[in-house]
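Trainee: I've got a structure to go through today. Could we look at it together and talk about how its parts fit?

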Amino acid sequence: MCLAADFAEYGPTKDNIRSDTKLDKEIIELTKCAAKQAGRRKFGYMRSPDLVQAGQLLMLYKCLLSCKLRRQPLPESCINSATRIGVDVSSYDSQTCKQLRQEVYKKRKDLWVVQKECEDRRAQWLEMLAEDRARAAGDEDWEKKMKSMKRTVEERQTNRKLSAVTKGTHSQLDRIQIPTRSWYHSAKATELYHYDNGVWEAYPNLKPYDNRYFTHHTLKVIPPDAVSTS
C-alpha cells in the first residue's frame with residue numbers, strides 16, 4: 001500500500017521503480033518456489049499400450065527407411081518386429097525412400113500426440129485393467145484401488161504442467177548466427193575478440209584505456225556490447 005501511495009503521489013521515480021522491481025522479483029521467486037515444492041520432477045512418459053505401440057511403429061519405419069537408403073535387405077530383427085506389431089512389410093521392395101520418409105514423419109507425429117496424452121491414456125488403460133482383474137479375482141474393493149491409481153496419474157500430470165511453468169518450454173535449435181566479421185571489441189570488458197571456427201578468442205587489455213593487448217587468449221562468450229573492428 002505504501003508503494004502504491006508513493007506512485008500515486010510522486011509518480012515513477014527511480015526509488016519507486018527500484019522498489020517495484022524488487023517486489024516483483026520476490027513475488028516471482030516465491031511463486032516458483034511454491035511450484036517446485038508442489039511439483040516433482042518427472043522423467044519419461046507414463047507407459048501404456050498406445051505409447052508402446054506408437055514407439056515401436058516409429059522405430060520399425062526408421063529401420064525400413066535406413067535399409068532402403070543403404071540398399072540393404074531387411075534384417076531378421078526388423079521382420080520379427082513387424083510381425084509382432086502386425087505390420088505387413090511385403091510392399092517394402094516397391095516403396096520409395098520418399099514414401100518411407102513420409103511414413104516416418106507420420107509415425108513421429110502420432111508418437112508426439114500419444115506422449116502429450118500419456119497420462120489420460122494410462123488412466124484409461126489402468127481402469128480397464130483393474131476392472132478385468134477385479135472380475136477375475138472377485139474383488140469388491142476394486143473401485144477404491146482404481147481411484148488411488150488414477151489419483152497418482154493425475155498428480156504426475158499436474159507435476160508435468162508445473163515443470164513446464166517453472167522451467168519453460170524447450171525446443172530444438174532452428175537457426176545459428178554466424179558473425180560477418182573476424183574481430184570485435186568490447187569497451188565494457190576492455191577485450192578484443194577474434195572469431196575462429198565457431199569459437200571466440202578473447203584477448204585482454206594490457207592496461208586500462210591502452211591499445212595494446214596480450215598475445216595469448218582464452219575462449220569466452222562475446223558480450224552484447226562488442227562492436228566490429230574490421
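Mentor: Sure, and keep in mind that this is a predicted model. Let's start with helix 3 (residues 49-70) and helix 5 (residues 97-116), which pack with their axes 9 Å apart, at an angle of about 160°.

Trainee: Is helix 3 roughly parallel or roughly antiparallel to helix 5?

Mentor: Angles over 145 degrees count as roughly antiparallel. The angle here is about 160°, so helix 3 runs relative to helix 5 in a way we call roughly antiparallel.

Trainee: Which hand does the crossing of helix 3 with helix 5 have?

Mentor: Rotate the model until you're looking at helix 3 where it passes helix 5. That crossing is left-handed.

Trainee: How many residues of the contact of helix 3 with helix 5 are nonpolar?

Mentor: Helix 3 brings residues including Leu51, Leu58 and Lys62, and helix 5 brings residues including Leu100, Val104 and Arg108. Sorting the contact residues gives two polar and seven charged ones, and the nonpolar ones number 13.

Trainee: What about helix 3 and helix 4, and how many charged residues does their contact have?

Mentor: Helix 3 and helix 4 (residues 76-85) pack at about 145°, with axes 10 Å apart, and this crossing is left-handed. Gln56, Leu57, Leu60, Cys63 and Leu64 of helix 3 meet Cys78, Ser81, Ala82 and Ile85 of helix 4. Seven of these residues are nonpolar and two are polar, and as for charged ones, there are no such residues.

Trainee: Now for the charges: how many salt bridges does a search of the whole structure find?

Mentor: Side chains of opposite charge can pair when their charged atoms come close. One such pair is Arg18 with Asp15, with the closest N and O atoms 2.8 Å apart. Lys220 and Glu191 also meet in a salt bridge, at 2.8 Å from N to O. For the whole structure, the search gives two.

Trainee: Where do Arg18 and Asp15 lie?

Mentor: They sit three residues apart, about one turn of the helix. Arg18 is exposed, because its relative accessible area of 53% is over the 50% cut-off. Both residues belong to helix 2 (residues 14-38).

Trainee: And in the pair of Lys220 and Glu191, which residue is buried?

Mentor: That pair links distant parts of the chain, 29 residues apart: Lys220 is in the loop between strand 4 and strand 5, and Glu191 is in strand 2. Lys220 has a relative accessible area of 38%, so it's partly exposed. Buried means under 20%, and the residue with 9% is Glu191.

Note on methods: Residues numbered from 1 in each chain as written. Predicted model: local features only at pLDDT ≥ 70, side-chain atom pairs only at ≥ 80, totals over all residues. Heavy atoms only, no water. Salt bridge = Lys/Arg side-chain N within 4 Å of Asp/Glu carboxyl O. Helix = DSSP H or I, 4+ residues; strand = E, 2+ residues; numbered from the N terminus. Buried < 20%, exposed > 50% of the residue type's maximum accessible area, 1.4 Å probe, protein only. Axes fitted to C-alpha atoms, helices over the stretch in contact; angles between N-to-C directions. Parallel < 35°, antiparallel > 145°, perpendicular 65-115°, else oblique. Left-handed = near helix turned anticlockwise from the far one by under 90°. Contact = heavy atoms within 4.5 Å. Nonpolar A, V, L, I, M, F, W, Y, C, P; charged D, E, K, R; others polar.
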